[in-house]
Amino acid sequence: MIDEFKHAIKVELYRIKDCKGMKQNSRTKAGSLLKSFENIMKRQEIITELNTIRREIDSEKAQKIYASAIKEKVSLDGVDEIDNSLAKYKKMGEVELEGNHPNQRFESRKRNILQKDSYENEESITDTLSSSMIKKKRSKESKTEEEIDVDDEEEIDKTKYSSELAQLLDENSVDVFDSLSETFAEYSKDYLDDLTKERIADLSPESYMYLKKFYSQEVWDRIVALECEPVDKYGPADVKAFLTDYFNRNFSYTSWQSDLESLLDFQEGESHDVRRTRIMLHQVLPSYFEAIFSSHNALKSTETYEAPYGVEYIYPLLQAVLRHFGEISFAGGDHPVAAAPSCERSDGIGKTKSGRELVSIELSRPVADKEKRVYDHVQLCRTLKDMINHNLISDALSQRSLTSVPRTFGLQVHQRMMYLGWIRFYNGVYWYLQYAKGYIPASPEELKNFGSILFDLICWSKDIGKYASEYEKGCERKPSRKSSAMNLQKAFELKDSKARVSQKKRKYKAYMIT
């Protein structure tokens, strides 16, 4: 390649001497060839530097795997097998990582995309990603921390990653589910229950999968950091402060009505979220105050059945919060589920503006047995799974784009404990995550903690609204012919989610602490 460029340049130089009339054109062409030659050499240098950086990253990852594996080996098998472990894992640190480990698959895909972009999008790699990485690598040691932060922020602002690279960065957040897939496979062999049969992995703190330490506390902390903590940020700080201040009042039989009316005293400068919170509380709190300060407290009575409990206390609360903060239409009561109308029913359904089902709830009486907690939890998880499959299949058949992160949201009320969570579909498994839980108050003392679960409910509702909005916008894009065919293949893989045969309530195999 280099010889060809040199030859072409020489030809143009000779033409300059022989053809004076074409002197300017030839000089321009020769200059263009020289510039192309310099760019090729520059790109080759960048690619070499990228390979060096990549090998350093892989080596560092291998060392981490090596260290964690040794630690695990010592704790499980004792000191006698340390030498064998050293030999096995040290070798991983010396050679380039290969295999099916999720971190390795991530790095392998990243290398492929970097190489692809190096040849197909050479100008983009030269001007953005490569120059940014090399510049930071060479200059970080000579800069102060302040300078590094400023330069890095400027580079991030200037850098425009390709869609494939951005996708890789997003995949890093679900890396924890890649590692948990093998854990769930092992757990399913030991505990074949009503959820594992459905490929539903319960990651809640009450599940055996967590309590029997099938995965470490470090993995649990990563799950919380990746899934739950971002949802906490949806809740406005001024709303949290308002709820804390309001429910710290000394409510009494004689003062609760004036406390209720004070919610309508809007203050100047209050945000819209705080005012929506005031309106929502003014709508739903009268029933709670009347029960708490009544001689016959329905929230504690064994005579309160499921239907009136839902109609008086649970459904109005969910309807108001989902409407004001999630823009979700919620209907409480016994409803058939669109995914399996012949056998699946829910105690409440939440839908998007287009009618897509995203929310389901299960409800028990204020005083109920522990088996009801397990039964409703299993029923809720199965319903959420069916909703995901139904939405994906419907979108594929309707020539709509499929969402990359299928999710549905569930709420369970057992006795007076409210559980908030969701299911996400990834890597062929339906992962249930519990976001928050808290008591519905039944006494003046318990009212002080009501603001905490209400704030969690607001954050949860805002997450649903944000997801629903992005989901609806994504479905508006019509997929290409190739993508449409691939979507039908994906939908076909979910065909096992056909309607189940209706069955009477039975005792589920215990798999969680109640």
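The structure holds 17 salt bridges, as assigned in a predicted model. Among them is a network that links E198, R382 and K385. Three further pairs are described below, together with the helices that carry them.

Within helix α13, R276 forms a salt bridge with D273, and the closest N and O atoms lie 2.4 Å apart. The two residues are three positions apart in this helix, about one turn. An α-helix has 3.6 residues a turn, so residues three or four places apart point the same way. The partners differ in burial class: R276 counts as partly exposed at 29% relative accessibility, whereas D273, with a relative accessible area of 15%, is buried.

Helix α16 contributes to two of the salt bridges considered here. The pair formed by E470 and K466 has its closest N and O atoms 2.8 Å apart. Both residues belong to α16 and are separated by four residues, about one turn of the helix. E470 is partly exposed, with a relative accessible area of 48%, and K466 is likewise partly exposed, at 38%. In the other pair, E472 forms a salt bridge with R356, with a distance of 2.3 Å between the closest N and O atoms. Because E472 lies in α16 and R356 in the loop between β3 (345–351) and β4 (357–363), this pair ties together parts that are 116 residues apart in sequence. Both E472 and R356 are buried.

Helix α16 itself comprises 27 residues and reaches 39 Å from its first C-alpha to its last, close to the 39 Å expected at 1.5 Å a residue. Of these 27 residues, 21 are buried, so the helix is largely enclosed by the rest of the structure.

Helices α13 (272–292) and α16 (450–476) also take part in covering the buried residues of helix α11, as does α12 (256–261). In α11, which spans residues 237–247, the buried residues are V239, F242, L243, Y246 and F247. Viewed down the axis of α11, these residues fall within an arc of 110 degrees and therefore line one face of the helix. The face turned away from this buried side carries the exposed residues A237 and D245.

At the level of the whole chain, 17 helices and seven strands are assigned. Of the 514 residues, 47% count as buried. The chain exposes about 28400 Å², of which carbon and sulfur atoms supply 50%. Among contacts with a separation of 6 or more, 67% are made by residues 24 or more positions apart.

Key
Residues are numbered from 1 along each chain as its sequence is written. This is a predicted model: local features need pLDDT of at least 70, side-chain atom pairs count only at pLDDT 80 or more; totals for chains, interfaces and linings use all residues. Side-chain values use heavy atoms; hydrogens and water are left out. Buried means under 20% relative accessible area, exposed over 50%, partly exposed in between (1.4 Å probe, protein chains only). The arc is that of the directions from the helix axis to the C-beta atoms. Contact means heavy atoms within 4.5 Å. Accessible areas come from the Shrake-Rupley method with a 1.4 Å probe; for residues, only the protein chains shown count as cover. The expected span of a helix is 1.5 Å times one less than its number of residues. A salt bridge is a side-chain nitrogen of Lys or Arg within 4 Å of a carboxyl oxygen of Asp or Glu.
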